[in-house]
Amino acid sequence: MANYIALLRKESKSDYGVDFPDFPGCITAGKTLEEAKDMAQEALQGHIDVMAEYGDDIPEASSLEKVMSDPDNKEAVAFLVEVRLTKVKAQRINITFPQDILRIVDNYVATHPEQNRSKVLTEAAKHYMVILKKPKPGSSQVGEVVHFKARKKAKSKKKSKELV
């Protein structure tokens, strides 16, 4: 578990906004303070989980002094959000791809410097497969991958049984 600083901001006629200095782009909001706090934990946990899936480095938590020394943060209220740090281990594999498909992937990677072959192929696999089941609390299991067509078929069978 780790704690990161969240910054609560409120402007007139707006919800309570929350952002995370250590995770630029990770933001959320809530109509009430309690909702903003709950949404902050959910948003940051989701952000970290996605970063871990992509193999991105999770930053160390900044100190309160460092965060509040930024003039943009002077009016914000800081609070801590506890998250689980999950390391998803990558596994090297040897696969064969048609050259034309690999050329398409390489052309995409060449124009998107934040990407690489592994990230693109992983994302393509995720779009084809749906990761549905979250691990049980306290489990070391990462999640269960369920094929989208199989899930859709199972749902339609369940509905037809309910109609009988």
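The following questions and answers explain how several terms apply to this predicted model.

Q: Why is Ser 62 called buried?
A: The relative accessibility of Ser 62 is 18%. Buried means under 20%, so Ser 62 counts as buried.

Q: What makes the pair of Ser 62 and Asp 22 a polar contact?
A: The two side chains meet at 2.4 Å. The limit for a polar contact is 3.5 Å between N or O atoms, and the pair therefore falls within the limit. Ser 62 itself lies in the loop between helix H1 (33-53) and helix H2 (64-69).

Q: Why is Lys 13 called exposed?
A: Lys 13 has a relative accessible area of 88%. Exposed means over 50%, so Lys 13 is exposed. This residue is found in the loop between E1 and E2.

Q: What is notable about the phi of Lys 13?
A: Lys 13 has a positive phi of about 60 degrees although it is not a glycine. Most residues other than glycine have a negative phi.

Q: How do you know that Asp 49 and Arg 84 form a salt bridge?
A: Their side chains meet at 3.5 Å, taken from N to O. A salt bridge requires a side-chain nitrogen of Lys or Arg within 4 Å of a carboxyl oxygen of Asp or Glu, so the pair qualifies. Asp 49 lies in helix H1 and Arg 84 in the loop between E4 and H3, so this salt bridge ties together parts that are 35 residues apart in sequence.

Q: Why are Asp 49 and Arg 84 each called partly exposed?
A: Asp 49 has a relative accessible area of 22%, and Arg 84 has one of 38%. Partly exposed lies between the limits of 20% and 50%, so the term applies to Asp 49 and to Arg 84.

Q: What makes the pair of Asp 56 and Lys 119 a salt bridge?
A: The distance from N to O is 3.3 Å. The cut-off is 4 Å, and the pair therefore meets the definition. Asp 56 is in the loop between H1 and H2, while Lys 119 is in helix H4 (residues 117-128); the pair links distant parts of the chain, 63 residues apart.

Q: Which of these terms, buried or partly exposed, applies to Asp 56, and which to Lys 119?
A: Asp 56, at 32% relative accessibility, counts as partly exposed. Lys 119 has a relative accessible area of 17%; buried means under 20%, so Lys 119 is buried.

Q: How do you know that Arg 117 and Asp 106 form a salt bridge?
A: Their side chains meet at 2.7 Å, N to O, and the cut-off is 4 Å, so the pair qualifies. Arg 117 lies in helix H4 and Asp 106 in helix H3, so the pair ties together parts that are eleven residues apart in sequence. Arg 117 is partly exposed at 41% relative accessibility, and Asp 106 is partly exposed at 28%.

Q: How many salt bridges does the structure hold?
A: The structure holds four salt bridges. Side chains of opposite charge can pair when their charged atoms come close.

Q: What makes Ile 95 eligible for a surface patch?
A: Patch residues need over 30% relative accessible area. Ile 95 is at 46% relative accessibility, so this residue passes that cut-off. Ile 95 belongs to a nonpolar patch with Ile 93, Phe 97, Ile 101 and Ile 104, and together they have about 460 Å² of accessible area.

Notes:
Residues are numbered from 1 along each chain as its sequence is written. This is a predicted model: local features need pLDDT of at least 70, side-chain atom pairs count only at pLDDT 80 or more; totals for chains, interfaces and linings use all residues. Side-chain values use heavy atoms; hydrogens and water are left out. Helices (H or I, at least four residues) and strands (E, at least two) are DSSP runs, numbered from the N terminus. Buried means under 20% relative accessible area, exposed over 50%, partly exposed in between (1.4 Å probe, protein chains only). A polar contact is a pair of N or O atoms within 3.5 Å; within protein, one must be able to donate a hydrogen and the other to accept it, and residues adjacent in sequence count only if both atoms are side-chain atoms. Patches are made of residues with over 30% relative accessible area and no salt bridge: like charges are joined within 9 Å, nonpolar side chains (Val, Leu, Ile, Met, Phe, Trp, Tyr) within 5 Å. Accessible areas come from the Shrake-Rupley method with a 1.4 Å probe; for residues, only the protein chains shown count as cover.
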